[in-house]
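Student: Before we discuss this model, could you show it to me, and then let me ask how each label is justified?

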Amino acid sequence: MKKTIVLASILIGVILLSASFWYYTSDPTPFPTDEQLVEEMTDDFSVVSNSVIQDTVFLDDHHVFVPFIAEGDMYGFSLWEWNNRKWDEVLVSTNGDIRVWKIDSKDPTTYHIVWNYPPQDQLDYMKFYFINKRGFQVSDGEEHYEPGMQLEQTITLSENLYGSMKLSTEWVSVINSLIDSRMASTYYFGWRAFDRSDKITYPEGTGNGSSSWGGDTHIEFINFLEESELE
C-alpha cells in the first residue's frame, strides 16, 4: 500500500512538472488584431480609444513594438510582452519620443531603441549617442580610473517616422565591460535629430503626450543633447 502511494505521488509530480513546463515554455498565441490592441489599450488609457495602428513590429518572438496614431494626431506607441500565456501591454504612450526598452536590464543584447514621430516634424535622420563620463574612485585603498567614452550611431528615418533598433555589438560589448567594472556605472544615452539640410531639429509634435506602464518594465527616457555636451 505504501509503495502504491509513493508511485502515485511521483506520477502526480511528473504530471504537474510537465504541465508547468508546457505552460511557461509553449509558443505564444497569434498576436492580437488591431481592433483587439486598441480595445486593450483603451482599458488602461482611454485617450487612445480611437487610435489607428500603424504597424506591429516583432522585436523577438515574445516582444512587440506597436506604433499608432491617437485622436488629435498624437503619434505614440505601445510595447507588448508574451507573459504567463498571454500578450501583456507593458507600456502605452501618446508621446512617441525616442526611448530604450530594456527587456532584460542586465543584458544589453535585449535593449531596443523605439520611437514614433509625426510627419510634420520633418525629421530626416537622428544620431544616437552612448556617453560615459570620466570617473575616478578610491575603494579599499585602491584607485580606479574610468576613461571617458562617446559612441555615435546614425539612424536614417524612413517615410514613416517610426522604428526600432537594437544596440550594435560594439555598444553591447562596451556596456558589458562597464557592468563588470569595479566602479559604479555612469553611462547614459542621448540623441539629436536633423532635417534634410543637416540642421538640428527638435521634434515638437509629441510634446503633449502622456504614458502609462507597469512597475517591472525598464524604460529609459533619452535626453536631447546640446552641442556643448558632446566631445
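Tutor: What follows is a set of questions about labels, each answered by setting a value against its definition.

Tutor: This is a predicted model, in which local features need pLDDT of at least 70 and side-chain atom pairs count only at pLDDT 80 or more, while totals for chains, interfaces and linings use all residues. Residues are numbered from 1 along each chain as its sequence is written, and side-chain values use heavy atoms, with hydrogens and water left out.

Student: What makes the contact of Glu220 and Lys102 a salt bridge?

Tutor: A salt bridge is a side-chain nitrogen of Lys or Arg within 4 Å of a carboxyl oxygen of Asp or Glu. For Glu220 and Lys102 the N to O distance is 2.7 Å, so the pair meets that definition. Glu220 lies in strand S15 (residues 218-221) and Lys102 in strand S6, so the salt bridge ties together parts that are 118 residues apart in sequence. Helices (H or I, at least four residues) and strands (E, at least two) are DSSP runs, numbered from the N terminus.

Student: Why is Lys102 called buried?

Tutor: Buried means under 20% relative accessible area, exposed means over 50%, and partly exposed lies in between, with a 1.4 Å probe and protein chains only. Lys102 has 14% relative accessibility and therefore counts as buried.

Student: How do you know that Lys127 and Glu152 form a salt bridge?

Tutor: Their closest N and O atoms are 3.6 Å apart, and therefore the pair satisfies the salt-bridge definition. Lys127 lies in strand S8 (residues 125-132) and Glu152 in strand S11 (residues 149-156), so this pair ties together parts that are 25 residues apart in sequence. Glu152 has a relative accessible area of 44%, and is therefore partly exposed.

Student: What are the labels of Glu227 and Arg192, whose side chains meet in a salt bridge?

Tutor: The N to O distance for Glu227 and Arg192 is 2.7 Å. Glu227 lies in the segment after strand S16 (223-224) and Arg192 in strand S13 (residues 188-194), so the pair ties together parts that are 35 residues apart in sequence. Glu227 is exposed because its relative accessible area is 53%, whereas Arg192, at 7% relative accessibility, counts as buried. The structure holds 5 salt bridges, including the pair Glu227 and Arg192.

Student: Why does Asp97 have no salt bridge?

Tutor: Asp97 lies in the loop between strand S5 (86-93) and strand S6 (99-102). The nearest side chain of opposite charge, Arg99, is 6.0 Å away from the buried Asp97, and therefore the salt-bridge definition is not met. As for the charges themselves, Lys and Arg count as positive and Asp and Glu as negative, while His and the chain ends are not counted.

Student: What makes the 3.2 Å approach between the side chains of Asp97 and Tyr117 a polar contact?

Tutor: A polar contact is a pair of N or O atoms within 3.5 Å; within protein, one must be able to donate a hydrogen and the other to accept it, and residues adjacent in sequence count only if both atoms are side-chain atoms. The side chains of Asp97 and Tyr117 are joined by such a contact of 3.2 Å.

Student: Why are Glu39, Glu40, Asp43 and Asp44 described as a patch of negative charge on the surface?

Tutor: Patches are made of residues with over 30% relative accessible area and no salt bridge, where like charges are joined within 9 Å and nonpolar side chains (Val, Leu, Ile, Met, Phe, Trp, Tyr) within 5 Å. Glu39, Glu40, Asp43 and Asp44 gather in such a patch of negative charge. Asp44 has its place in helix H2 (residues 34-44), and because its relative accessibility is 52%, Asp44 counts as exposed.

Student: Which residues make the nonpolar surface patch?

Tutor: Val6, Leu7 and Ile10 make this patch, which covers about 280 Å², and Ile10 is found in helix H1 (residues 2-25). Accessible areas come from the Shrake-Rupley method with a 1.4 Å probe, and for residues only the protein chains shown count as cover.

Student: What makes the phi of Asn84 worth a remark?

Tutor: Most residues other than glycine have a negative phi. Asn84 is not a glycine, yet has a positive phi of about 50°. Asn84 lies in the loop between S4 and S5, and is partly exposed because its relative accessible area is 42%.

Definitions and conventions. Charge placed at Lys NZ, Arg CZ, Asp CG, Glu CD.
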